[in-house]
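Hi there,

Here is the structure I promised to pass on to you. Please open it alongside this email, and my notes on what turned up follow below.

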Amino acid sequence: MKQPTFHGRVLLPLSVFAKARAGDPLAMERILRYYDGYMNKLCTQTLYELDGTPHVRVDEYMKHRLQNKLIRAILKDSL
């Protein structure tokens, strides 16, 4: 059977979400790794020096907040 994809990327099986919801830390880590690139993209900021030189960086505080929201959404009804 062919793996389901979305925009060329293999989707996580629902069993991973079920395990994470049951409290499996490895499954939760797998979900966070799966969404890591997307969260990095959402949290990317361009900062400028006084001379106008741009610096692109990931706002780690915002990324941690997104990760916490995802974890809470997964665990919402299981607690």
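**What turned up**

Tyr34 counts as buried, because its relative accessibility is 15% and the cut-off for buried is under 20%. Please keep in mind that this is a predicted model. You will find Tyr34 in helix 2, which covers residues 25-34. Setting aside neighbours within four places in sequence, Tyr34 is in contact with Arg9, Val10, Leu11 and Leu12. With Leu12, the C-alpha atoms are 7.9 Å apart in space, although the two residues are 22 apart in sequence.

Tyr34 also turns up in the lining of the largest pocket, along with Phe6, His7, Arg9, Leu11, Tyr35 and Tyr38. Arg9 and Leu11 are therefore worth a look on screen, as they both line this pocket and are in contact with Tyr34. The pocket holds about 170 Å³ of space. By type, its lining residues are five nonpolar, one polar and one charged.

The other residue I looked at is Gln67, which sits in helix 4 (residues 60-75). Is Gln67 buried or exposed? Gln67 counts as buried, because its relative accessibility is 15% and buried means under 20%. Beyond its neighbours within four places in sequence, Gln67 is in contact with Leu32, Asp36 and Met39.

Now for the chain as a whole. It has four helices and four strands, and from the N terminus the order is β-β-α-α-α-β-β-α. Buried residues make up 19% of the 79 residues. The radius of gyration is 16 Å, whereas a compact globule of 79 residues would come near 12 Å. Along the principal axes, the C-alpha atoms fill a box of roughly 55 × 35 × 15 Å. Of the contacts with a separation of 6 or more, 36% are between residues 24 or more positions apart.

Finally, a word on the annotation. An unreviewed UniProt entry lists residues 15-76 as "domain: Helix-turn-helix conjugative transposon-like". In the model, that span is 65% helix and 16% strand, and its end C-alpha atoms lie 17 Å apart.

Best wishes

Conventions. Residues numbered from 1 in each chain as written. Predicted model: local features only at pLDDT ≥ 70, side-chain atom pairs only at ≥ 80, totals over all residues. Heavy atoms only, no water. Helix = DSSP H or I, 4+ residues; strand = E, 2+ residues; numbered from the N terminus. Buried < 20%, exposed > 50% of the residue type's maximum accessible area, 1.4 Å probe, protein only. Contact = heavy atoms within 4.5 Å. UniProt positions renumbered as here; feature names shortened; annotations may be inferred. 1 Å grid on protein atoms, 1.4 Å probe; cavity = no way out; pocket = protein on both sides within 12 Å on 5 of 7 lines; lining within 4 Å. Points joined across faces, edges and corners; volume = space filled by probe spheres on them. Nonpolar A, V, L, I, M, F, W, Y, C, P; charged D, E, K, R; others polar. Rg over C-alpha atoms; globule rule 2.2 N^0.38 Å.
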